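Please read this report with the structure open beside you, and look up each residue as it is named. The text treats the meeting of two chains, then one residue and its surroundings, then pairs of charged side chains.

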Amino acid sequence: MSPTTRTSGESSNYEYVVARVRARRAALFDEDDYRKLVRMGTSEIARFMEETEYEREMNDLGARYSGVDLIEYALTRNMAKHFEDLLRWAEGGLYENVARYLRRFDAWNVKTILRGIYSGADAEAIESDLIKAGELTEATLDRLAAKESIEGVIEGLDGTIFHEPLEAALDDFEVEELLVPLENAVDRTFYEKLMEGLPDAQSADRATQLYLEFLRAEIDFRNLRNALRIARSGADIDPSEYYIEGGTLFDAEEVRQLAGDTDQLVDHVRDSEYGEDLEAAIDDLEAAADLIGFEHALDAALLEYADTLSYRYPVSITAVLSYILAKEREIDNIRAIARGRESGLGLDEIERDLVML
Amino acid sequence: MSVLPTLTDVLLQTYESDPAIPALAAAALAVGLASFGAGYAERGIGSAAVGAIAEDESLFGRVLILTVIPETIVILALVVVFLTLS
């Protein structure tokens, strides 16, 4: 099950996967649960989680960690379990499309391992930070985390999509002694593979077309976020270096021009096809100049879009996608609450950090 | 050209003969095709049902009913058989 193999002629089993996924989507925390959670202390949150979905993870990890760390590790481990389940159930084309999206965790894991080894962390410390949700198996990840050198890791990735780009970036790394070229290579590979091999927009059925549109929106939002961050930080970075191909919002040239000027950037987004969906968020951004708020609005817009699609096209990938997004939001929200309570933030501040629908 | 009169006879059905498919055989076909349809419909519903039960066992009763609903189409096809027999 490495990220390069398994192309099969099997047909997809949408009905089975969608039924299970919908049940799990419905079991996620709702607004009431969040309202309760923001009023709890960290130990109460931990106890609350023990009585819900997260019971097993909390018990497994309870002996090793405590407090917010326990909550955080339990959250990521639970998420990993659910996403592994998705890959285990899905067959044929559905598997391809789900795996395509979940490979982002492979990218995350590879980057974590590279960073860990670069900073000289031991294998156990690296392993605890991995999210074992992607296509790389647990055994492979453990083996990679135990490697001595960056070169060893890259060699160990032989046969996966990350091997070649990393190999190519290795020279830059050796000259500059910085991880940036390697990390960029991993990210780029992920996003390039995201759009590769998908059926043509014209010949695909409507649900697949929407999936394509969704992936494109994801890339656009990623580019937008990068551009905004560069514009906001005022750092002298060439934004086109971080530009990811495949979106429709800007091309590399436009990014370079716009990243210097937040106002122009905002106008550009307002005039684009996303203008309508993001209207409230854009107004927010202009008024408060609050980047976090805007990023949350992007997340919420994406989640709402996926939800709408999943009701319009019940037997398609969109239901799975909406579950993946919702689950990720839940993990982010609980983590934000736990971290916020720990550092003594007020209710309003924590609530502002949550992405809710 | 000598074929033409015969062909005209066939097209206008001036021959008095048995139909290509006797009534009873046609009824049997109807049942068979309806069963195919029901089977195909149950394939999707069944796999969704198993998925739902895997998540929540209390759904078993409801899901069982949904799974056999396409079976009604076969019963309707059986009506055709009785109509032809009578």
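What follows is a description of a predicted model.

**Where the chains meet**

In this model, 7 residues of chain A are in contact with 9 residues of chain B. The area buried between chain A and chain B is about 640 Å², and carbon and sulfur atoms give 56% of that area. On the chain A side, Glu15(A), Tyr16(A) and Arg20(A) lose the most area to chain B, and together they make up 66% of what that side buries.

Between chain A and chain B there are 3 salt bridges, and one of the salt bridges in the model joins the side chains of Arg43(B) and Glu15(A), at 3.3 Å from N to O. Helix α1 of chain A, residues 14–26, gives the most to the side of chain A that touches chain B, namely 6 residues. Sorted by class, that side of chain A has 4 nonpolar residues, no polar ones and 3 charged ones.

**A buried asparagine**

Asn78(A) lies in helix α5 of chain A, which covers residues 67–89. Is Asn78(A) buried or exposed? Asn78(A) counts as buried because its relative accessibility is 0%, and the cut-off for buried is under 20%. The side chains of Asn78(A) and Glu57(A) are joined by a polar contact of 3.3 Å. When neighbours within four places in sequence are left aside, Asn78(A) is in contact with Glu53(A), Tyr54(A), Glu57(A) and Lys327(A).

**Salt bridges**

Side chains of opposite charge can pair when their charged atoms come close. Over all chains, the structure holds 24 salt bridges, and the table lists some that lie in chain A.

| Residue pair | N to O distance |
|---|---|
| Glu72(A) and Arg339(A) | 2.5 Å |
| Asp187(A) and Lys111(A) | 3.0 Å |
| Glu342(A) and Arg339(A) | 3.4 Å |

The pair of Glu72(A) and Arg339(A) links distant parts of the chain, for Glu72(A) is in helix α5 and Arg339(A) is in helix α17 (residues 317–342), 267 residues apart. Glu72(A) counts as partly exposed at 22% relative accessibility, and Arg339(A) is also partly exposed, at 31%.

The pair of Asp187(A) and Lys111(A) likewise links distant parts, with Asp187(A) in helix α11 (residues 180–195) and Lys111(A) in helix α6 (residues 92–118), 76 residues apart. Here Asp187(A) is partly exposed at 25% relative accessibility, whereas Lys111(A) counts as buried at 14%.

By contrast, Glu342(A) and Arg339(A) both lie in helix α17 of chain A, 3 residues apart, which is about one turn of the helix. Glu72(A), Arg339(A) and Glu342(A) belong to a network of salt bridges that also includes Asp69(A), Asp299(A), Arg329(A), Asp332(A) and Arg335(A).

Terms used: Residues numbered from 1 in each chain as written. Chains lettered and ligands numbered in written order. Predicted model: local features only at pLDDT ≥ 70, side-chain atom pairs only at ≥ 80, totals over all residues. Heavy atoms only, no water. Contact = heavy atoms within 4.5 Å. Buried area = accessible area lost by both parts, 1.4 Å probe. Salt bridge = Lys/Arg side-chain N within 4 Å of Asp/Glu carboxyl O. Helix = DSSP H or I, 4+ residues; strand = E, 2+ residues; numbered from the N terminus. Nonpolar A, V, L, I, M, F, W, Y, C, P; charged D, E, K, R; others polar. Buried < 20%, exposed > 50% of the residue type's maximum accessible area, 1.4 Å probe, protein only. Polar contact = N/O pair within 3.5 Å; in protein donor to acceptor, adjacent residues only side chain to side chain.
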